[in-house]
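This report goes through the fold of one protein, from its overall form to a few individual residues. Please keep the sequence and the model in view while reading.

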Amino acid sequence: MGFRLAFDTENKILLLSAEGVVTDQLVLDGYDLVKSCWDRYGACSYIIDYSQATEILLSAEAVRKLARKKPILQPQCFQLNVAPQNEMHRLARMYQIVSTQTRPTFQVVRTMEEALKLIGVASATFTPIQDDLRKAA
């Protein structure tokens with residue numbers, strides 16, 4: 001499947017919602033999508049939501065590879081991972097631990113409500129982002 005992209009302009013929050021099977025390639029492509037959004041929208045926080053993931057086939061090696069990549073966001077921008085599934089939560093926590101020095105605001109939570117609370121907003125209005133960002137990534 002892939003990611004659906006949306007952006008909350010008021011709070012400057014990018015939302016990537018994973019759907020279907022989560023693979024190494026999907027997660028690595030997500031990095032490129034965040035970069036293309038950063039280039040287009042400027043400084044923002046982001047949430048990657050795995051609530052709609054049906055199967056987790058992500059490897060620990062891909063998580064380590066992603067953690068070694070240069071951070072895209074400035075340290076003051078929140079980077080949140082909504083991972084309700086135990087396997088995705090475990091892998092996201094591994095990423096958090098490996099990249100704690102370079103991504104100090106990266107957090108892993110189980111629900112979108114927890115993610116928004118950490119950012120400091122009660123609610124967000126996400127508008128879908130055009131597919132042209134996918135081509136730019």
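Helices and strands here are DSSP runs, numbered from the N terminus; a helix has at least four residues and a strand at least two. With elements named in this way, Gln85 can be placed in the loop between strand 4 and helix 3. The model is predicted.

## Overall form

The protein has five helices and six strands. Starting at the N terminus, the order of elements is β-β-α-β-α-β-α-β-α-β-α. The radius of gyration is 14 Å, close to the 14 Å given by the globule rule for 137 residues, so the protein is as compact as a globular protein of that length. Along the principal axes, the C-alpha atoms fill a box of roughly 35 × 30 × 25 Å.

Of the 137 residues, 49% count as buried. The accessible surface is about 7200 Å², and carbon and sulfur atoms account for 50% of that surface. Among contacts between residues at least 6 apart in sequence, 79% join residues at least 24 apart.

## The sheet

The six strands form an open sheet in the order 5-4-3-2-1-6, and the pairing is mixed. Strand 5 (106-109) and strand 6 (127-128) are the edge strands, each pairing on one side only. Strands of a sheet pair through backbone hydrogen bonds, either parallel or antiparallel.

Both senses of pairing can be followed in this sheet, beginning with strand 2. Strand 2 (residues 13-22) pairs with strand 3 (residues 45-56) in the parallel sense, over nine bridges. Within these two strands, Ser17 of the protein stands opposite Asp49 in strand 3. Strand 1 and strand 2 run antiparallel and are joined by seven bridges; Phe3 stands opposite Ala18 in strand 2.

## Strand 1 and its neighbours

How many of the seven residues of strand 1 are buried? Six of them are, so strand 1 is largely enclosed by the rest of the structure. Besides its pairing with strand 2, strand 1 is joined to strand 6 by two bridges, and these two strands also run antiparallel. The bridge partner of Ala6 in strand 6 is Pro128.

Strand 1 and strand 2 form a hairpin with four residues between the strands. Lys12 lies in the loop between them. This residue has a positive phi of about 55° although it is not a glycine. Its relative accessibility is 33%, and Lys12 therefore counts as partly exposed; the class covers values between 20% and 50%.

## Helices against the sheet

Helix 1 (residues 24-41) lies across strand 1 (2-8), strand 2 and strand 3, and runs at about 160° to strand 2. Helix 3 (residues 86-98) also packs on the sheet, where it touches strand 2, strand 3, strand 4 (79-82) and strand 5. The direction of helix 3 makes about 165° with that of strand 5.

Helix 1 has 18 residues, which at 1.5 Å a residue should span 26 Å; its end C-alpha atoms are 26 Å apart, so the two values agree. Its buried residues are Leu26, Val27, Leu28, Gly30, Tyr31, Leu33, Val34, Ser36, Cys37 and Trp38. Helix 1 is followed by Gly42, which has a positive phi near 80°.

## Two buried loop residues

Cys44 is in the loop between helix 1 and strand 3. Is Cys44 buried or exposed? Its relative accessibility is 4%, so Cys44 counts as buried. Leaving aside neighbours within four places in sequence, Cys44 is in contact with Phe7, Lys12, Leu14, Trp38, Leu73 and Cys77. Among these partners, Lys12 belongs to the loop between strand 1 and strand 2, and Trp38 is one of the buried residues of helix 1. The C-alpha atoms of Cys44 and Ile72 are separated by 11 Å, with the two residues 28 apart along the chain.

Gln85, in the loop between strand 4 and helix 3, has a relative accessibility of 19%. Buried means under 20%, so Gln85 counts as buried. Not counting residues up to four places away in sequence, Gln85 touches Tyr50, Ser51, Ala53, Ile56 and Arg110.

Note on methods. Residues numbered from 1 in each chain as written. Predicted model: local features only at pLDDT ≥ 70, side-chain atom pairs only at ≥ 80, totals over all residues. Heavy atoms only, no water. Pairing = 2+ DSSP bridges. Contact = heavy atoms within 4.5 Å. Axes fitted to C-alpha atoms, helices over the stretch in contact; angles between N-to-C directions. Rg over C-alpha atoms; globule rule 2.2 N^0.38 Å. Buried < 20%, exposed > 50% of the residue type's maximum accessible area, 1.4 Å probe, protein only. Areas by Shrake-Rupley, 256 points an atom, 1.4 Å probe, with all protein chains shown as cover. Expected span 1.5 Å × (residues − 1).
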